[in-house]
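Reader: I'm new to this one. Could you walk me through it?

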Amino acid sequence: MSYVDEVLELVKQKNASEPEFLQAVTEVLNSLRPVVEANEELYRKNAILERITEPDRQIMFRVPWVDDKGQVQVNRGFRVQFNNAIGPYKGGLRLHPSVNLGIIKFLGFEQIFKNSLTSLPIGGGKGGSDFDPKGKSDREIMAFCQSFMTELSKYIGADVDVPAGDIGTGAREIGFMFGQYKKIKGTFEGVLTGKGLTYGGSLARTEATGYGLLYLTEELIKCHGESMQGKTVVVSGAGNVAIYATQKAQQMGAKVVTCSDSTGWIYDPEGIDVALLKEVKEVKRARLTEYAAARPSAEYHEGNASERAGNGVWQIKCDIALPCATQNELLLEDAKQLVANGCKCVCEGANMPTTIDATEYLQENGVWFVGGKAANAGGVATSALEMSQNSERLSWSFEEVDAKLKGIMVNIYHNIDDAAKRYGMEGNYVAGANIAGFEKVVNAMLAQGVC
């Protein structure tokens, strides 16, 4: 049995109840086979694969808080510090009822390679809670965030572990958490990213993941002799990533015609009205039914209990598809529909939104496919730029940050393209991303000995 197969079997035995984590590890290790086979004796002797698939530590804790009725509620908090071979742990905090240890481990594992690809000195980690911020008052959210940070503060720091936002954790939640950390520790330090501009945040951080996705997509299209101008784009999701991916795609001359949320999806043949979408989602925090009500050209399609609410977007004929909602939202039947409709390019704005069989189908049918650890690295890259500004006590202009972000994303595309070519897998950007991210981390691990 090969070293990769041995470790995959071991990981499956030890993490049998964590399907998302197993999915991520299987995808990564399978794509790394050429690299591992070329260095099998060295990697096996140093247990590189065993070490890189086992977190440095997994922290799980109780989060008690009091709701507006005076009732004590209890949630579960998580922080998985996966690998700090190249820098402090870095990764977001997800607040969503679906959060469990397996999902946090999957996200943290992916984060190792994503962060490595940015070329910035940041390791991989992830955290969050099964708390649902939807429908909660500001006071309830503050109560939860303060309780959550009271425990989390024991394990993080500007040079140790720097969390950020993720699903359910926006500027409001980061602000409450930062205030509690400052109160507990008595220090003002860059311990969180995604902060408000008045207390150490970075310009362009809000836009970064969506903009970065489009900078990489544009470079991919350009290197295949095409342009974004006039392309039809379908986007899933209606959160931060989807909104700013839509905005940047339309600035580049493409037309984005869809968006979705947990209850349904919109098809707008005239192109998504970004200002209206922001008003509905960022200001009113409302459902897409309000977008449809205010936009005569928009068609609203409701989801139902037996169907993923947003999956209808993949039925729409397009040149480019950008899944920006959540994990495993684009299934094999969706991939077949995209191919049948002539889609040329799929780039992931969310973390692992495309299932393995769907990914393989897209690749086998000539679709240019770039996975999330490369395509959505713009968010964490700009978070690292925020860390740099905090360390230097400086604040860069939007244009400076945006230019650095574009440079990072263009370099990521070329790095993953080059890595795939070096191992005889030209055009396999999934393998290229895993290889390019892996090589840097492994070299650092080997240099630092067994730790």
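Reader: Which helices each supply at least two residues of the lining of the second largest pocket?

Author: Before that, some ground rules: this is a predicted model, where local features need pLDDT of at least 70, side-chain atom pairs count only at pLDDT 80 or more, and totals for chains, interfaces and linings use all residues. Residues are numbered from 1 along each chain as its sequence is written, and side-chain values use heavy atoms, with hydrogens and water left out. Helices here are DSSP runs (H or I, at least four residues), strands likewise (E, at least two), numbered from the N terminus. The helices you're after are α2 (19-31), α14 (356-364), α15 (372-375) and α18 (429-447).

Reader: How do I read the contact of α10 with α11?

Author: Two packed helices are described by the angle between their axes and the distance between the axes. Here the axes (lines fitted to C-alpha atoms over the stretch in contact, with angles from 0 to 180 degrees between N-to-C directions) of α10 (residues 240-251) and α11 (residues 274-283) come within 10 Å and cross at roughly 170°. That makes α10 roughly antiparallel to α11 (under 35 degrees is roughly parallel, over 145 roughly antiparallel, 65 to 115 roughly perpendicular, the rest oblique).

Reader: And in what order do the five strands of the open sheet come?

Author: Strands pair if DSSP finds at least two bridges between them. The order is β1-β2-β4-β3-β5, with mixed pairing. β1 (57-66) and β5 (161-164) stand at the edges with a single partner strand each, so one side of each has no neighbour in the sheet. Ten bridges join β1 to β2 (residues 72-83), and the two run antiparallel. Gln58 stands opposite Val80 in β2.
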